Amino acid sequence: MMPKLLSLMPWLMVLKISLPIVVLGTTLQFIAWNYLEEMILGVRRAGGFTRRLGVECSSADEALEAAGAGADIVLLDNLAPQELHAVAAQVKAAHPGVTVEASGGIVLGTLPQFLGPHIDVVSMGCLTHSAPALDFALRVLEP
């Protein structure tokens with residue numbers, strides 16, 4: 001028996017509950033860190049209880065504030081490896097349940113420098129924006 005395929009609306013619901021909400025540093029600069037807790041509460045109300053919330057941070061102070069305000073994921077963006085590991089350790093010590101993500105400027109050659117006991121996830125934009133194009137064709141043959 002062939003499985004039934006989902007139509008568009010059920011797939012949109014799957015995406016809605018599956019994708020995290022990420023608040024980028026540029027948004028935080030506009031809103032200001034002074035309203036972080038209120039923003040997180042508002043985003044949670046708008047996004048629903050099933051969505052994880054990530055906040056992009058560029059310092060230990062920002063990361064600790066974001067985790068303390070209720071972020072599920074702290075994205076440590078564009079930090080040097082040594083600083084990244086120190087900040088990640090501080091975040092994990094204060095908020096062990098928070099996911100710590102390293103991002104920004106990480107490429108395959110430097111990846112090992114960003115791996116460590118307090119880093120849960122590494123994002124590498126080079127996998128998408130720097131990937132070479134693949135030229136291929138598909139030919140369907142009649143039986």
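In the predicted model, Phe-114 has a relative accessibility of 6% and therefore counts as buried. The residue is placed in helix H6, which spans residues 111-114. Setting aside residues up to four places away in sequence, Phe-114 touches Leu-79, Pro-81, Leu-84 and His-85, together with Ile-106, Ile-119 and Val-122. One of these partners, Leu-79, lies 35 residues from Phe-114 along the chain, and the C-alpha atoms of the two residues are separated by 9.6 Å. Val-122, another residue touched by Phe-114, belongs to strand E5, which consists of residues 121-122.

The surroundings of Phe-114 belong to a protein with 7 helices and 5 strands. Read from the N terminus, the order of these elements is α-β-α-α-β-α-β-α-β-α-β-α. The protein has 143 residues, of which 31% are buried. Among contacts with a separation of 6 or more, 53% are accounted for by residues 24 or more positions apart. The accessible surface amounts to about 9,800 Å², and carbon and sulfur atoms contribute 64% of that area.

Packing between helices was examined for H4 and H5. Helix H4 comprises residues 60-68, and its axis lies 10 Å from that of H5, at an angle of about 25°. Because angles under 35 degrees count as roughly parallel, H4 is described as roughly parallel to H5. The crossing of the two helices is right-handed. On the H4 side, the contact is made by Ala-60, Ala-63, Leu-64 and Ala-67, whereas H5 contributes Val-87, Gln-90, Val-91 and Ala-94.

Helix H5, which covers residues 81-94, also contains Lys-92. With a relative accessibility of 16%, Lys-92 falls under the 20% limit and so counts as buried. The side chain of Lys-92 forms a polar contact of 2.7 Å with the side chain of Asp-120. Apart from residues up to four places away in sequence, Lys-92 touches Val-98, Thr-99, Val-100 and His-118 as well as Asp-120. Of these residues, Thr-99 and Val-100 fall within strand E4, residues 99-103.

Strand E4 is also approached from strand E5, in which Val-121 is located. Val-121 is in contact with Thr-99, Val-100, Glu-101 and Ala-102, leaving aside its neighbours within four places in sequence. Although Val-121 and Thr-99 are 22 residues apart along the chain, their C-alpha atoms are separated by 7.6 Å. Val-121 has a relative accessibility of 34% and therefore counts as partly exposed. Thr-99 and Val-100 accordingly appear among the contacts of both Lys-92 and Val-121.

Ser-103 is likewise found in strand E4. A relative accessibility of 11% means that Ser-103 counts as buried. Its side chain makes a polar contact with the side chain of Asp-77, at 3.2 Å. Beyond neighbours within four places in sequence, Ser-103 is in contact with Leu-75, Leu-76, Asp-77, Asn-78 and Ser-123. Leu-75, Leu-76 and Asp-77 of this set fall within strand E3, residues 73-77.

Gly-104 lies in the loop between strand E4 and helix H6. Gly-104 counts as partly exposed, because its relative accessibility is 24%. Leaving aside neighbours within four places in sequence, the contacts of Gly-104 are with Asp-77, Asn-78 and Ser-123; these three residues also appear among the contacts of Ser-103. The C-alpha atoms of Gly-104 and Val-122 are separated by 9.2 Å, the two residues being 18 residues apart along the chain.

Asn-78, in contact with both Ser-103 and Gly-104, is situated in the loop between strand E3 and H5. Asn-78 has a relative accessible area of 53% and is therefore exposed. The phi angle of Asn-78 is near 60°, a positive value in a residue other than glycine.

Definitions and conventions
Residues are numbered from 1 along each chain as its sequence is written. This is a predicted model: local features need pLDDT of at least 70, side-chain atom pairs count only at pLDDT 80 or more; totals for chains, interfaces and linings use all residues. Side-chain values use heavy atoms; hydrogens and water are left out. Helices (H or I, at least four residues) and strands (E, at least two) are DSSP runs, numbered from the N terminus. Buried means under 20% relative accessible area, exposed over 50%, partly exposed in between (1.4 Å probe, protein chains only). Contact means heavy atoms within 4.5 Å. Accessible areas come from the Shrake-Rupley method with a 1.4 Å probe; for residues, only the protein chains shown count as cover. A polar contact is a pair of N or O atoms within 3.5 Å; within protein, one must be able to donate a hydrogen and the other to accept it, and residues adjacent in sequence count only if both atoms are side-chain atoms. Axes are lines fitted to C-alpha atoms, for helices over the stretch in contact, and angles run from 0 to 180 degrees between N-to-C directions. Angles under 35 degrees count as roughly parallel, over 145 as roughly antiparallel, 65 to 115 as roughly perpendicular and the rest as oblique. A crossing is left-handed if the near helix is turned anticlockwise from the far one by less than a right angle, and right-handed if clockwise.
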